[in-house]
Amino acid sequence: MSFVTLGALLVALLLGAPIAAHLLRRRRAEEQPFPPARLVPPTPPTARRRSLLEDRALFVTRAASVLALAVLGATPLLRCSHLSLSRRAGASVALAIVIDDSLSMRAPPGGAEGGARDARSSAAPSRFKRALTAARELAGGLAPGDAAALVLAGAPARVALASTTNLAAVSEALAAVAPSDRATDLDGALDLARDLLRGLPQSDKRIVLLSDLADGAPGAPPIAGTPDVATWVPLQELEATGQDCGIVRADRSSQKARVRVVCTAASTVERGPDSAGGQRDGGAEAPAAAGASASAGRSLEVRAGDAVLGKVALDPALRVEELSIDLPARAPEILIAALTGSDAIAEDDRAPIISAGGPLSIAVVVDPATTHVETGGPPPLEQALSALDLDAQIRPLPSVPEHADELAAHAGLIVDDAPGFTPEVRRSLAAWVERGGVALLTLGQRAAAAPLGAGFEPLVPGVVRWSASPAPGVAPATAGWLGPSAAGLADIAPRGRATLDAGASEGAEVLARWKDGAPFLVRRPLGRGVVLFMTLPLSTEESDVALRPAFLSLLDGFVGAARARGGARRLAAGEVWTFDGYRDVKVERVRVDGDGAPRGSRPREALPVAEVERRLRVSPPLAGLYELTLDGERSTRVVSVPEREIDLRPRRVAESARASELGGMSASIDGSPYVALLLLALLAVELFLRALGGRREPAEGRTG
């Protein structure tokens with residue numbers, strides 16, 4: 001508040017003037033009857049006494065006038081700014097508001113350390129709350145004829161409200177937005193926003209991005225608009241700064257706790273955009289502020305309530321490390337891994353430690369002789385799975401197990417060009433898949449030459465045949481499941497390919513087709529699990545499909561399916577559990593504070609179970625401990641913090657996305673006309689009261 005504004009408000013101190021005037025006003029002395037006084041000649045009274053407030057209505061009117069004068073003097077000097085759009089010649093606007101609800105948005109604006117606030121307090125400031133306030137300000141400035149949509153940028157990006165002219169629905173949708181522990185998906189959110197705006201009648205189409213821009217890809221292209229849809233990044237105060245350490249995994253094995261800690265790089269904190277154009281200094285990296293890393297002087301503790309069972313100091317240069325702490329013999333069932341000290345985000349400094357963790361197990365049956373590479377090393381399949389870093393444990397097997405118990409330890413199974421399965425193996429495989437397993441079968445020349453009694457029923461119905469490829473290449477338009485890399489299969493020219501019976505596609509989903517329409521990749525549900533089969537083997541002698549980027553997308557989707565079906569004891573926040581074949585599904589988040597209380601007595605929060613394409617799905621938005629009840633059977637799962645969300649280096653922003661003509665901060669208070677009208681009304685009231693009081697006093701004098 002400026003000195004001039006303060007001086008104007010000090011006019012309110014003149015409120016003491018009406019009080020003094022009313023208290024100092026004198027009136028006639030009160031006459032007391034005294035009979036002997038009749039014998040004395042009358043003398044006019046000269047004695048007067050001070051009075052208390054008599055005309056309260058007149059006093060209140062005058063006091064209100066003084067206060068109104070003070071407000072009138074200060075109102076032109078007060079500025080209550082809010083975010084607003086700049087309209088082109090007053091035209092209607094089609095607006096898509098993108099709010100980042102990821103974990104990094106829980107940090108306070110300006111890069112303040114998380115220890116300066118109570119992370120569990122709903123009143124604590126955060127970038128998310130500032131973004132939500134800005135979104136409400138923009139929604140409040142919409143006018144009839146405008147259209148608005150709401151997109152959430154936490155991974156995966158979601159549409160919270162489709163484009164609508166119902167402005168009340170926008171406010172309702174904003175009221176339902178809550179923070180989460182998801183990763184950030186800016187590109188996906190911007191694509192969704194553009195799709196929502198295209199086709200609307202308004203010529204002025206804009207996307208407003210309210211994010212800290214920390215999506216784990218600081219080297220990605222700058223955020224900018226398109227010729228038909230402008231993109232505006234209005235609040236530089238939201239841009240990610242500071243450093244952070246987080247616990248992304250905490251497992252318990254026997255008497256040891258293994259905790260994976262990830263910290264923002266201490267010596268390579270990328271510079272933010274400058275004020276002129278939002279460009280970085282050539283992508284250069286600057287030393288961390290104050291020369292200290294987020295892990296300096298901090299420790300990792302294992303706690304049971306208030307008791308510390310183990311402790312290890314963090315390396316000041318720690319970037320990614322898995323720490324091990326010995327546990328006492330009779331440690332409680334549920335423990336807490338916690339980082340001491342403070343950093344930018346307090347919510348990722350604690351995680352439950354339970355035995356339910358552990359990496360996803362993927363069994364691989366492949367013949368190294370047919371899938372070797374000239375450079376040597378493991379088969380391309382194993383190399384690809386390792387390169388993807390999917391937090392999965394790869395277990396090569398010489399052959400497919402004949403007993404279901406041997407498969408129970410695995411969430412996924414990949415079999416390359418097997419020469420059929422014996423009846424015992426088929427039964428065990430089918431039983432394992434029906435209980436929730438995910439299998440990927442590649443069919444080649446050996447699969448077509450299966451010996452008598454061997455086959456693939458019921459995993460792959462019908463007979464598998466092998467022949468020369470009549471039409472090389474996969475149609476990219478039919479391979480959307482593989483993502484953008486599907487275009488790389490358009491020119492694949494194998495020496496041969498497998499042909500399936502028509503029954504193999506019945507009740508199944510063809511995920512990709514050859515250019516002649518024949519199935520290339522098929523997904524077939526079986527009980528609670530799923531079978532994927534591809535009509536091309538991984539042999540490098542038949543084709544180079546195992547060396548193409550689309551193969552990595554295939555493996556990524558396969559591991560994701562195995563993880564989502566409950567095969568993984570641990571998911572990242574925002575990923576999806578899929579429950580095929582279950583009728584009664586209940587998912588509850590169990591609050592763990594490390595107090596040693598039994599799991600059954602802890603507070604719980606039930607998550608909604610959605611049915612999508614006849615499949616039950618649950619997407620947990622927050623990290624922590626979850627209990628699943630599937631058809632009466634209980635199991636424990638853990639949702640962890642996405643590792644890439646610890647990277648607080650922001651994306652670059654193009655200069656056009658900061659342009660002032662798109663909008664900015666504007667004043668929202670100008671009450672001068674209203675205060676002036678109030679003053680006139682108070683003056684009229686005072687004149688009326690004075691006139692009324694003047695007529696009353698002579699009347700009182702005559703009666704006296």
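**The disulfide**

A search of the whole structure, which is a predicted model, finds one disulfide. Select Cys245 and Cys263 to display this link; their sulfur atoms lie 2.0 Å apart. Viewed about the S-S bond, the link of Cys245 and Cys263 shows an angle of 110 degrees and is right-handed.

Next, extend the selection to the strands that carry the two cysteines. Cys245 belongs to strand E9 (residues 245–253) and Cys263 to strand E10 (residues 256–263), so the disulfide ties together parts that are 18 residues apart in sequence.

Are these two cysteines buried or exposed? Cys245 has a relative accessibility of 0% and therefore counts as buried. Cys263 is buried as well, with a relative accessible area of 1%.

**Helix H4**

Proceed to residues 127–140, which form helix H4. The helix has 14 residues, and the distance from its first C-alpha to its last is 20 Å, close to the 20 Å expected at 1.5 Å a residue.

Colouring H4 by accessibility shows a mostly covered helix, in which ten of the 14 residues are buried. Among them are Phe128, Leu132 and Leu138, together with the alanines Ala131, Ala134, Ala135 and Ala139. Residues with charged side chains also appear in the buried set, including Arg127, Arg130 and Glu137.

Within this helix, select Arg130. Its relative accessible area is 18%; since buried means under 20%, Arg130 is counted as buried. Which residue does the side chain of Arg130 contact? Adding Glu237 to the selection gives the answer: a polar contact of 3.2 Å joins the side chains of Arg130 and Glu237.

**A sheet of three strands**

The final stop is an open sheet of three strands, arranged in the order E28-E32-E31 with antiparallel pairing. Strand E28 (577–579) and strand E31 (610–612) stand at the edges; each has a single partner strand, so one side of each is left without a neighbour in the sheet. Neighbouring strands of this sheet are turned against each other by 35 degrees on average, direction ignored.

To examine one pairing in detail, select E28 and strand E32 (residues 615–618), which pair in the antiparallel sense over three bridges. In general, the strands of a sheet pair through backbone hydrogen bonds, either parallel or antiparallel. It is therefore useful to display the backbone at this point. Where along E32 is the residue opposite Trp577? Select Val618 in E32, which stands opposite Trp577.

Terms used: Residues numbered from 1 in each chain as written. Predicted model: local features only at pLDDT ≥ 70, side-chain atom pairs only at ≥ 80, totals over all residues. Heavy atoms only, no water. Helix = DSSP H or I, 4+ residues; strand = E, 2+ residues; numbered from the N terminus. Expected span 1.5 Å × (residues − 1). Buried < 20%, exposed > 50% of the residue type's maximum accessible area, 1.4 Å probe, protein only. Pairing = 2+ DSSP bridges. Axes fitted to C-alpha atoms, helices over the stretch in contact; angles between N-to-C directions. Polar contact = N/O pair within 3.5 Å; in protein donor to acceptor, adjacent residues only side chain to side chain. Disulfide = S-S within 2.5 Å.
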